[in-house]
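User: I am new to this structure and would like a close look at one part of it, the surroundings of the ligand. Could you walk me through them?

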Amino acid sequence: MSTLPPKRAAVIGGGILGVSTAVHLLRGGASVVLVTETELASGATGRSLSWLNSAGERSTPYHELRQTGIDRYRTLFAADPSREWLRFDGGLYWGKSDTLEKTKARHAYEKSHGYASHLVTIDEISAFTPNIDIGQAPDHAVFNPGEGWVSLPHLVEFLMQEFNARGGELRTNEGKASVRTDNGRATGVSTASGNTYAADTVVVACGAQTPAVVAELGVEIPQASPVSMLVVTEPAGHGVKSVLNTPRAALRPSPGGRLAVDHDWYEDQIVQQADGSYSVNDSVVKELLDEASKLIDGNPPLQPESWKMGLKPIPADGEPVLGELETVSSCFTAFTHSGATLGLIVGELLADEILTGDKHPMLSTFRPGRFSN
Ligand SMILES: Cc1cc2nc3c(=O)[nH]c(=O)nc-3n(C[C@H](O)[C@H](O)[C@H](O)COP(=O)(O)OP(=O)(O)OC[C@H]3O[C@@H](n4cnc5c(N)ncnc54)[C@H](O)[C@@H]3O)c2cc1C
């Protein structure tokens with residue numbers, strides 16, 4: 001049992017990483033204030049494909065963290081498999097100009113480290129997952145039965161019920177927040193709206209703004225966050241179950257019979273306006289949904305209900321940036337690509353480090369200090 005005194009933590013950022021860390025801190029007995037610029041889920045969390053996966057190649061520690069992340073979602077799923085916002089119906093993948101050799105190599109790599117992976121022929125797809133128009137598929141694809149998806153705004157709402165029940169303090173519409181320090185130690189948060197929150201630990205979970213927030217402390221975290229867009233369709237009677245990753249559209253079901261659709265081929269057609277917001281020509285949204293429709297049995301017409309644009313947080317070296325800053329003690333960062341897959345586990349492990357003072361071995365290669373070495 002920990003003999004450490006209870007913590008007072010301030011978490012900056014109302015996306016999935018901030019909310020998850022806040023809830024895990026509350027579970028561990030800390031008192032928590034969660035401070036965010038506008039509303040909850042206003043950043044990447046509100047416009048994410050949120051495919052829960054560790055498909056393809058990456059470093060072994062990152063793969064292991066993602067697999068553990070999926071495990072935590074499976075636990076949540078098992079507690080109530082009827083939730084419309086968290087499903088595990090697998091993922092189907094085929095790549096751009098993938099030769100049979102390349103598809104086989106992806107499958108063999110996944111198999112080699114125990115990632116559930118099937119090499120399927122075009123005729124076998126319907127036996128693995130329903131309602132795909134196989135006319136678009138190449139001869140072979142990869143099906144990963146252990147994958148799933150989550151709707152992050154629903155997850156945030158779900159976690160916030162616990163946050164409130166455990167007495168967490170939420171401060172929205174605070175404008176930009178900064179970390180306050182004294183003698184190289186975080187002492188709290190001050191916000192553009194003029195408020196100050198004292199704390200003995202601060203967590204910076206500001207998505208693509210995380211590097212800017214820690215830059216004020218003299219800490220450099222390089223990023224390579226691209227601009228992105230997620231389109232959510234009107235209810236479409238599509239019958240699709242799995243997440244689909246294909247050369248011109250990635251999609252997943254979304255609550256209420258909708259689909260969530262994204263890709264990267266239109267990145268350079270998204271334009272940033274003088275006020276910082278983003279816009280894109282309607283024809284791009286239409287083209288993306290036309291591509292998505294081609295993947296679905298019967299090719300149902302898909303109408304956009306919403307499309308949201310903004311940065312997709314990605315550290316420059318592609319690996320998560322998690323843990324205490326080397327030069328500012330008691331200030332932690334939670335900044336990562338694939339923050340949907342990692343949403344629950346990152347909150348759990350960071351809260352554990354903050355509450356126990358013990359460095360978690362699963363985070364050892366992801367420390368923010370690696371950029372200053
Ligand atoms: C199009 C798209 C597709 C994606 N697909 C997947 C996927 O398939 N699988 C997967 O695992 N992940 C995916 N992701 C990534 C995942 O969604 C993100 O990693 C995750 O949502 C990031 O959460 P976050 O809490 O770090 O940041 P955010 O959700 O961006 O939240 C940060 C919050 O901090 C606030 N903030 C910023 N600066 C300040 C400040 N100075 N003071 C106060 N508040 C501040 C912002 O307003 C925002 O609300 C995708 C993301 C996008 C955009």
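Analyst: Here is a short tour of the chain as a whole, followed by the shell around the ligand.

This is a predicted model, in which local features need pLDDT of at least 70, side-chain atom pairs count only at pLDDT 80 or more, and totals for chains, interfaces and linings use all residues. Residues are numbered from 1 along each chain as its sequence is written.

The protein chain holds eight helices and 22 strands, which are DSSP runs numbered from the N terminus (helices: H or I, at least four residues; strands: E, at least two). Of its 373 residues, 47% are buried, that is, 20 or more other C-beta atoms, placed from the backbone, lie within 10 Å of their own. The C-alpha atoms fill a box of roughly 65 × 45 × 40 Å along the principal axes.

Now to the ligand. It is surrounded by 38 residues, each with its C-beta atom, placed from the backbone, within 6 Å of it. The closest are Gly15, Gly43, Ser48, Gly207 and Gly339. Two elements, α1 (16-27) and β14 (227-233), each give two or more residues to this shell, and α1 gives the most, with three.

By type, the shell has 15 nonpolar, 18 polar and five charged residues; here Ala, Val, Leu, Ile, Met, Phe, Trp, Tyr, Cys and Pro count as nonpolar, Asp, Glu, Lys and Arg as charged, and the others, Gly among them, as polar.

Finally, where does the ligand lie with respect to domain 1 and domain 2? Domain 1 (8-46 + 153-221 + 317-371) and domain 2 (91-145 + 226-311) both give residues to the shell, so the ligand lies between them. The domain bounds come from an automatic or database domain assignment.

Definitions and conventions. Buried ≥ 20, exposed ≤ 12 C-beta atoms within 10 Å, placed from the backbone.
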